[in-house]
Structure formats: C-alpha cells, structure tokens
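Visitor: I have a structure open here and would like to talk through parts of it. Could you guide me?

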Amino acid sequence: MSVLTSKRIDTLEDIPSIIFNDVDHSNNGNKSATTSNGQHAYDEDDNVNADSDLDMKSEAFPIITMDDPPISSVQQFQELRRSLKITLNPLHGGEGMLFISQGDEEVHLAPFEEETKLYPFTVETVDDSKSYAQYVNQTYEQFKIILKDNQFKSFDGDDDLDIGLENTITENKKQRRLVLQRLFECLSKNLNDLVLNQLKSGMHDSDTYKYNELLDILNLLNALEFGDLTQTITLLIMWVNRAQVEPDEVLVENIMNEEKPYEHPLFWSYLISKLVKRGLFQVAVDVLNESKYQELQEIDGKLFLFIQDFQTLLSNYDTVGFATSSKSFLQWKQAACQLRDSYSDVDFKRLGTSAQVFELVSLISGNHSIDPSDSWYEVLLVNYLYSFPSKEFILEYMAIVSQNFNLPGQIETVWELACLDLLEMNYLRMLTRLEMLDTATSAFVSVLCEAQGLFKEYITLSDDDSFLISEYLLRNLIYSCLSNNPLLPTGIGLTITLNNENCRELVSEFLPRFECLTNDDLEWCLSICANLKLPDLSARICKIQGQNLKDKGLLLESLLLFSKSGDIPLVANTCWLIFENALLLGHSIGDKLLDSVISDQVNAEDKSDNVELSPVLRQCISPYAILCRVYNYLSSGSNVRMGISLLIKLLRFPFLPPKFQPLLLAQFLPFLTSNDSRKAFFNTQELVIIIELLNEYDSRLKHDVPDARKSSVLQADLLYQLAISGDYNKADDWRKTKRLPQTVLELLITLRKNIAIQLSYNFSQEK
C-alpha cells in the first residue's frame, strides 16, 4: 500500500491522516481542466477582460434544447432581420416561450410560418432532489438566529460594539464572532453532506460539480474572513488540496514501489515538491521516512545530513503557531536560509540528488521560482507559506500570481473566478458567481458577509440607508423556493422572517395558488394567515381549496371548508345544488361520507370519528337531509305516511327556492294516481295544504318576470324537463307513473284532478 493517496481533504483532521487511507477518488466533478502532466489546458485565444469577466463560460448557464427549433439557418435568420425573443412564466421560472420577432421596419411584410408559432421550453432551474431540499431547509433553520436578530443585519465595524464596559464589549465581540463562525461551519457541513448524499443516491460526480465548486469557494472564504486566526494557514492548505487533488495517485504508487524511491527521477522534483508546495508537511516527512534515503548515511553522509535537516524543517513548520506569531516563523525561516546558504560550502558526491534537494530548500526559504505545471493557487499558497504567512500581504502575493498567470484570462471555472474575487476583496462579484451556481448558498453567504461587515463600503455608496444586499439575494431565494414544492415552507418561512413591506403582499399572492394535497398542507396555510393576521386571506384559501375538493367529488370536505370560510351564501348555494342533484336523481347523491353524517343510523362506536358540522352548515344541509329521509321512507314502504308528512313540511319550508316546488310536488303522483288501497296515505288536512301550495305556485306564474336568469318558473320548467328525461330505474320512482305529465302545467292539472278525487274519497269515508 502506498504511503500517499489522493484523498480529498474535507476537514482539518484529514490533513495528518491522509497518508494511510486508500480512497477511490475523482477530480471534483472535472472542475479544473488539466493535461496529463497536471498543467491547465487553456485556450490561447481566450482573452477575457478583467472588467467584463462576469461573462461566465457556457457551463454556468442553462441550455435550452428543442426538438423543433424555429431557426434552421442562423445566417438567413440574421439577413431577414429577425430576432429570437424569450419570455418566462412569472409563476414558474423554469418554463417559458420562444417566439420570432420582426424589426419595426419589417412589420409590413407577411410573416413566415415560423413567426406565427410559439415554442414552449422548460429549463431545470432548481434542484428538486430530496437531499437538496433537506440542505436548504436545514440551513434556513440554523440561520433563523441571525435572520431574526437586527444586530446581525448590518455591521459597520468594531465601533458598533464599543458601547458599555470594556469586559462587556470584549465579550460581545467574541460572541458575535463565534456565532458567525458556527453558522459558517454549519453551512459548509450541510453543503458537504449534500454532496455525499447525492453521490450515495447514485448521482454522478458531474451532476454535483457545482456543489463541489461552492465548497471550494466557501473554504477560501472561511480561511480569509470567518475562520479562527490560528487556523488560517491550515484552512488555506485545505482549500488548495480540496480544489485539486495532487500529486497523482498512480504516479505516487509507481515511485514508492521502486526499490529505492528516493532515487526515482520524479521523487524530489515532483512528489516531494508537490507535497511541500501544498503544505502537506507531515505527509512529506512520512514519505521521506519510507523513501530509504537513510542509506545515504554510508554513501554520502553530507547529503544525508542535508536531507535530514530539510526533513526537520518540514516537521517543525507550525501551521497554528506561525499563523499568529511572526517571530516564530522568522526564526524557522532563518534556519531554512542557513541550510540553503550552507549548500555551497559542502562537497556532495551525488550532485543530481543534492541539486534537487537544494531546490526544495530554496523553495521553503522563500526563494522560489514559478513551475509551469503549478496552478495559480498553488503558487499563491507557496508565497503565503514561505514568504510571510499573513493576510496583510495577500494582495502582494496575488500581484505576483497575476503577473505569471495572466489572471483572470486563463481561468475557465466559476469557482476559480470567485476565489480571485475573494482574494481581491470584490465581494459583490463573488456573490454574483455564487448565485450562478446556487441561489440558496449565495443568499446564506450574503447574510454572513453582511453581518461580518464585508459590505460596509458598498452600503455607503447607496443612497438608501436601509439598503441590504442580503435582502435582495434572500428575496431571490424566496422566489426560487416558491417555485419548488419541497422548498415551499422555507420560502414562506423566509418571507415571514424578513417581514419586509412586501411580506403580506407576497403571501397573499402565493398561498391562494398553492394546492393543498393533505390536511397538514391546509393547516399550514391557515397557520400562516393567523400568524400574519390575514383573516380575509384565510377565508379565500378555504373557499379555493373547498372548490378544489368539490371538483374532486369530496363534497363533505368542501362544505366544511366553505363553512370555515364564513361565506354563508356559498355554503347555502352549494347545499341547494346538492339538493337539486338529489331531486333530479330521485334518490340521495350517493356520497357515503355525507350521507353517514346526516343519517340518524350512525353506530355508537363510529360517533367518535363523526364529523362535527358547524351550526351554519347544519342548517344549510338540513333540507337535503330531510329529502334523503323522504326518499328512504317512500322507497322502503315501511313508513310512507312519515315520508309524505316530511315532504309536506319540506314544501312549506319558507326558504325553499321556488324552482324546486314542482319536482317536490311531483313526488305525490304515485300516491294520488294509484289504486284505492293507497289513498289512505293522505288525510283531508294534508290535501288542503297541497292545494294551498298549488295555488301559491299558480300565483307565481301570473307575476313571474320574463328574465330567464331570475324567473323561478322557467327554472322550474327546465328542472322538470331534465328530471323526466333522465334515467330512473327504481320501480317506485314517481316518473314510473302512467300518463306522466310532460310539463309543469300538466303536472299541476294532474295533481288537482287527483286531489279532487282523493278529497271526494275522504268525504265518502267520513260519512
């Protein structure tokens, strides 16, 4: 087994333990285009201006693919002065339309066929995976602490906290710094977990490349702005080694499998050089121990001592101590310079090996040259580690790097451009690049940067004192979440947490469009309305969701929501519509849940699960409940008298819409036109009441309005025609009557004739 593998360094603990862990690896989603020898592959003609380098490579933008594109020849398209325009769906940013537009001077020309069409397209804008939703939701929950705290919304420097006793000021600054550090660590950990979860779920490295790029940017941001000062060197080392895995694992295996690894031509110039340049000091020491260079003690003692002193310098590099103590570093560097200067005074037998070791000693003593195979961030790290490890000199080191690498012209990846912006303190441009990779991460990073005071110079340039950069990015995140169903709670939660002037308006526009699939979804919507004190919105949601349930045939659930909305006319109209359907069918509508609620025959053990109806709903649904009982009594034949009695009471109900009267009166036909044995179901008083009802309807005929929309008579005629033309299979249905009246007028005449016969029969029986 090799003493060195290409394991990615994700945590500080990984640095010393990287030696003896064989881990299958990949090159971070092909983030960095490299040649076989480790050099970056650049396009010689790619000269990007520093002021316009926000124009990302094509991988940063979504690509629209179409089966039937509107443009077949770009040249012909341009010659005809046509332009291809795009419009996005305001409610779903991933959908839109392409269409061809003419110039103003060409409007008079007849359009081509392609110009008369719309070309729909979809673009994947948001990761809709479960692991991504978990990442955003979890990070939002952790960030609530500073999103709700106004003291974290802006920070103009230490002066903001210089109020109170000295001990209190010191403690406040410490606590603020610790809160931001902890949140940054949570963000990085959540993002790293996202990458791991997506890989476990079967996603390829290329599908997670943008999250790996985000991690690389966050690693540098942590090292420069949020990490503890004692960890600056360690964090920079971790940033470089995670961004690109070096040295190459296969090449390392070949070198270390040699009988004498230290004699391999690439051992010093490549393997040890890479480890030293990347700050992997303990790894380099362990590799030297296993390289068998100790045999030089017998062959070339002076070279052995020179290598041993070099190894001692590597093991003495204190990444924690040197980050805070310049004196300690200068003492170490003085020892490195002394070892370098002693080279010319010593006679070495193995000049080739000694020259290679001397190059490495010169490197750590601060006298280093640029290797064409090195990346720009490796060169930056070398300057930081061995020139002077202080953030104060980073801009100077970047100037050296830029001169040798023609930055940013040679850079092809978003993460490298963002890291350049960070190193040059162009924080807004860095956020722009972050947002190209992921809206959520850029928003959360902006919150931390604003609380850290990194935007104070930008804020002073704004005319609006309340202007916050983070709020703009958070608002973009809200819109993104509202277009992704698993992230809806986060989007609404962020809206409420920010509580800006658009909060209530945004919630009022969105929630009515949200489809509640479960009761929990509905309760969530109503709880938001209660929290924001929006009773009208709550009522509107209940009505919309109630209508959705009604369209799906869930009548009882829809009635409960209509009742909850407080819209009594809507409840009443819906109940009368149910009543109407039952009249046309000649029996109950067949909704088992609704029928069980209005029925008296509910088992005792089921009563605990029975739905409680509000007083309004109970009153509105009662006519339908009575009608169902009428049908039950009349169809069973067990208690026809009770059915007729209830039917008469229903006809005398003062709020009964007149259009239903003819169909209700028609229910008497089987009992008035049948044989004498059933005529006993009507007594004289009941017949008189029916006559009064007929007279009442006759008077309505005389005073009816001609408007069909308002005429109860015309509506009654229409209902009657629908009823007699429908299917009726029940043997005791009133429409089975011989010589069935074909109009309402015929019905009224038939009823009067049979009532007269029934009255005569009753009088004869009384005598």
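Visitor: Is Asn-406 buried, exposed or partly exposed?
Guide: This is a predicted model, and in it Asn-406 has a relative accessibility of 45%, so it counts as partly exposed. Asn-406 sits in the loop between α16 and α17, and its phi is positive, about 55 degrees, although it is not a glycine.

Visitor: Why point out the sign of phi?
Guide: Most residues other than glycine have a negative phi.

Visitor: What is the phi of Met-425, and where is that residue found?
Guide: Met-425, which is not a glycine either, has a positive phi near 60 degrees, and Met-425 belongs to the loop between α17 and α18 (427-437). With a relative accessible area of 46%, Met-425 is partly exposed.

Visitor: Back to the loop before α17: what is the peptide bond from Leu-407 to Pro-408 like, cis or trans?
Guide: That bond, from Leu-407 to Pro-408, is cis, with omega near 0 degrees, and Pro-408 lies in the loop between α16 (394-405) and α17. Another cis bond runs from Glu-246 to Pro-247, with omega near -5 degrees, and Pro-247 is in the loop between α6 (232-243) and α7 (249-256).

Visitor: How do α5 and α17 lie against each other?
Guide: The axes of α5 (residues 209-226) and α17 (residues 414-423) come within 9 Å and cross at roughly 15 degrees, so the two helices, α5 and α17, are roughly parallel to each other. The crossing of α5 past α17 is right-handed.

Visitor: Which residues meet there, between α5 and α17?
Guide: From α5 they include Ile-217, Leu-220 and Leu-224, and from α17 they include Trp-415, Ala-418 and Leu-422. The residues of this contact between α5 and α17 comprise 10 nonpolar, no polar and two charged.

Visitor: And what about α3 and α19, at what angle do they pack?
Guide: Helix α3 (residues 130-147) packs against helix α19 (residues 439-452) at about 15 degrees, with the axes 11 Å apart, which makes α3 roughly parallel to α19. The crossing of α3 and α19 is left-handed. Among the residues in contact are Tyr-135, Tyr-140 and Phe-143 of α3, together with Phe-444 and Val-447 of α19, and the contact of α3 with α19 has 11 nonpolar, two polar and no charged residues.

Visitor: New topic: which residues of α14 are buried?
Guide: The buried residues of α14 include Thr-353, Val-357, Leu-360 and Ile-364, and what covers the buried residues of α14 includes α8 (267-277), α11 (301-315), α13 (326-341) and α15 (376-386). Just after α14, Gly-366 has a positive phi of about 100 degrees.

Terms used
Residues numbered from 1 in each chain as written. Predicted model: local features only at pLDDT ≥ 70, side-chain atom pairs only at ≥ 80, totals over all residues. Heavy atoms only, no water. Axes fitted to C-alpha atoms, helices over the stretch in contact; angles between N-to-C directions. Helix = DSSP H or I, 4+ residues; strand = E, 2+ residues; numbered from the N terminus. Parallel < 35°, antiparallel > 145°, perpendicular 65-115°, else oblique. Left-handed = near helix turned anticlockwise from the far one by under 90°. Contact = heavy atoms within 4.5 Å. Nonpolar A, V, L, I, M, F, W, Y, C, P; charged D, E, K, R; others polar. Buried < 20%, exposed > 50% of the residue type's maximum accessible area, 1.4 Å probe, protein only.
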